[in-house]
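Consider how the charged side chains of this predicted model pair with one another, and how exposed the partners are. The walk below takes the pairs one at a time.

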Amino acid sequence: MSSQKEKITHKAVRLAIVRIEKGRPNIVSDKRKMSVAAVAEEAGVSRALIHRDCSDLLERIKGGVNKGIRQLRDAKQTELNEYKERNRELRSELAELKAMLAKVQSQNATLIRKNMALSNTHADNSDVTQLIYS
């Protein structure tokens, strides 16, 4: 009889783990993380029973906790790498834009000088409007 009871509790704990992993627990909140306490509450057994009789499932529970932390860390690392790549792209774009700005400023200064020279040569012509630069 005790082996039958042991199988029932073992199955209940195993099913509770599956429900929590899938995010569809019956008793505990679906936002609650995988832990011995959460599994025990979901399965309707004590934490001591899980530690005593379900050592194989205990490793699965603890692995689930670390798995969640690892997934979160990996997601954050991926996000960080994406931001670093975007930062590199933006810095490269900034350097290109600065080079373009310097070229346009140089061209603008050249055109201003040429315009002033033309204005001086045609100063006696009344049809030319004099531009004033500050």
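A starting point is R32, which counts as partly exposed at a relative accessibility of 33%. Its partner is E41, and the closest N and O atoms of the salt bridge between E41 and R32 are 2.7 Å apart. E41 is itself partly exposed, its relative accessible area being 38%, a value that falls in the partly exposed class because that class covers what lies between under 20% (buried) and over 50% (exposed).

Which residue does E42 meet in a salt bridge? The side chain of E42 pairs with that of R19, with a distance of 2.8 Å from N to O. Since E42 belongs to helix α2 (residues 36-43) whereas R19 belongs to helix α1 (residues 2-22), the pair ties together parts that are 23 residues apart in sequence. Is E42 buried or exposed? With a relative accessible area of 3%, E42 is buried, while R19, at 23% relative accessibility, counts as partly exposed.

A further salt bridge joins the side chains of D53 and R52, where the N to O distance is 3.2 Å. Here D53 counts as partly exposed, with 29% relative accessibility, and R52, at 59%, counts as exposed.

In general, side chains of opposite charge can pair when their charged atoms come close. If a salt bridge is taken as a side-chain nitrogen of Lys or Arg within 4 Å of a carboxyl oxygen of Asp or Glu, the count for this model comes to six salt bridges, among them the pair of E42 and R19, that of E41 and R32, and that of D53 and R52.

How values were computed:
Residues are numbered from 1 along each chain as its sequence is written. This is a predicted model: local features need pLDDT of at least 70, side-chain atom pairs count only at pLDDT 80 or more; totals for chains, interfaces and linings use all residues. Side-chain values use heavy atoms; hydrogens and water are left out. Helices (H or I, at least four residues) and strands (E, at least two) are DSSP runs, numbered from the N terminus. Buried means under 20% relative accessible area, exposed over 50%, partly exposed in between (1.4 Å probe, protein chains only).
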